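User: Please take a close look at the cysteines of this chain. I would like to know which of them are paired, where the pairs sit, and what can be said about cysteines without a partner.

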Amino acid sequence: MGKRAALATYDKEFSFVSPVVKYLLFLFNLIFWMISLVLMSIGIYARMMKHAEAAMACLAVDPAILLLIVGVLMFFITFCGCVGSLRENICLLQTFCIFLTIIFLLQLAAGVLGFVFSDKARNKVSEIINNAIVHYRDDIDLQNLIDFGQKEFSCCGGVTYTDWSQNMYFNCTTDNRSRERCSVPFSCCLLSKDEAVINTMCGQGMQELPFLQAGAFIHTNGCIDKLVNWIHSNLFMLGGIALGLAIPQVDITHTCRVYSRVGVHSN
């Protein structure tokens, strides 16, 4: 009887999951847990450095808010994965599995919906970009992000360069007393690689010029078309990246289910 009880206890405590898989899962989550801490730190610092009025004016297009949201979600999910794999806690591992499954399904749904409802997706992107243009001067992080995008894609505005008239500082109406009236940001300008110092006033008065004349000084095409063309030309690369992100999620989810099936003891 004593031998049978000992065998029963051994069967109850024994796990069929390889220690290699266990610690690889822990290491994978630990790396992303540290990344989540960095994202949250950057997001909190960026929000604290802003004035109260500017911080509340453009919450919907604030990169700091995006970093905070992503960081908090990553922190919670990877915490469950780290502690669950290290302590072999079924509850935490199941929570980790559920979140990974939800993320995978959301990625799949976003890809399908973006393809099926491409026009609506384009309109939503246009709405986000136009909203960002309106708040360009209200948030330094948003301003740097827009400038980076316009430089990288060699574009200006949403559909065309005159979209910058939606911003109160660049507005081209006669009652606008701003010194930047009818201008565009310097990131729209055609810059020479030989220029040692960037002329930040190079976009002065460009909205008053016709399309062809303005094209000699700035990028006149909007960023929406450039972004859509970039996505189309890099469709296979983006699909490969999405598949590369999906495979580890499926594999880790399968590993979590193995943990649950073998009846790993909960601490």
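Analyst: Cys172 has a relative accessible area of 25%, so this cysteine counts as partly exposed, between the limits of 20% and 50%. This is a predicted model. The partner of Cys172 is Cys182, and the two sulfur atoms of this disulfide lie 1.7 Å apart. The torsion about the S-S bond of Cys172 and Cys182 is 105°, which makes the link right-handed. Both Cys172 and Cys182 belong to the loop between α7 and α8, where they stand ten residues apart and link distant parts of the chain. Cys182 is buried, at a relative accessible area of 1%, whereas Cys172 is partly exposed.

The loop between α7 and α8 also holds both ends of another disulfide, Cys156 to Cys188. The S to S distance in this pair is 2.2 Å. Because the torsion about the S-S bond of Cys156 and Cys188 is about 80°, the disulfide is right-handed. Cys156 and Cys188 tie together parts that are 32 residues apart in sequence. Cys156 is buried, with a relative accessible area of 0%, and Cys188 is buried as well, also with 0%.

A further disulfide leaves this loop at one end. Cys155 is joined to Cys223, with an S to S distance of 2.0 Å. Cys155 lies in the loop between α7 (140-153) and α8 (211-214), while Cys223 lies in helix α9 (residues 223-233), so this pair ties together parts that are 68 residues apart in sequence. The torsion about the S-S bond of Cys155 and Cys223 is about 90°, so this disulfide is right-handed. Cys155 has 0% relative accessibility and counts as buried. Cys223 is buried too, with a relative accessible area of 13%, under the 20% that sets the limit for buried residues.

In total, the structure holds four disulfides. With bonded cysteines counted along the chain, their pattern is 1-8, 2-5, 3-4, 6-7.

Cys80 and Cys82 are found in another part of the chain, where both are among the buried residues of α4. The sulfur of Cys82 has its closest cysteine sulfur in Cys80, at 9.7 Å, which is too far for a bond; a disulfide would need the two sulfur atoms within 2.5 Å. Cys80 counts as buried at 3% relative accessibility, and Cys82 is buried with a relative accessible area of 7%.

The helix that carries these two cysteines, α4, spans residues 63-87 and has 25 residues. From its first C-alpha to its last, α4 reaches 35 Å, close to the 36 Å expected at 1.5 Å a residue. Other buried residues of α4 include Pro63, Ala64, Leu68, Gly71, Met74, Ile77 and Thr78, as well as Gly81, Gly84 and Ser85. Just after α4, Glu88 takes a positive phi of about 55°.

The UniProt record, an unreviewed entry, annotates residues 20-45, 65-86 and 92-117 as "transmembrane region". In the model, the span of residues 65-86 is 100% helix and 0% strand, and its end C-alpha atoms lie 31 Å apart.

Terms used: Residues are numbered from 1 along each chain as its sequence is written. This is a predicted model: local features need pLDDT of at least 70, side-chain atom pairs count only at pLDDT 80 or more; totals for chains, interfaces and linings use all residues. Side-chain values use heavy atoms; hydrogens and water are left out. Helices (H or I, at least four residues) and strands (E, at least two) are DSSP runs, numbered from the N terminus. The expected span of a helix is 1.5 Å times one less than its number of residues. Buried means under 20% relative accessible area, exposed over 50%, partly exposed in between (1.4 Å probe, protein chains only). UniProt positions are given in the numbering used here, feature names are shortened, and annotations may be inferred rather than shown by experiment.
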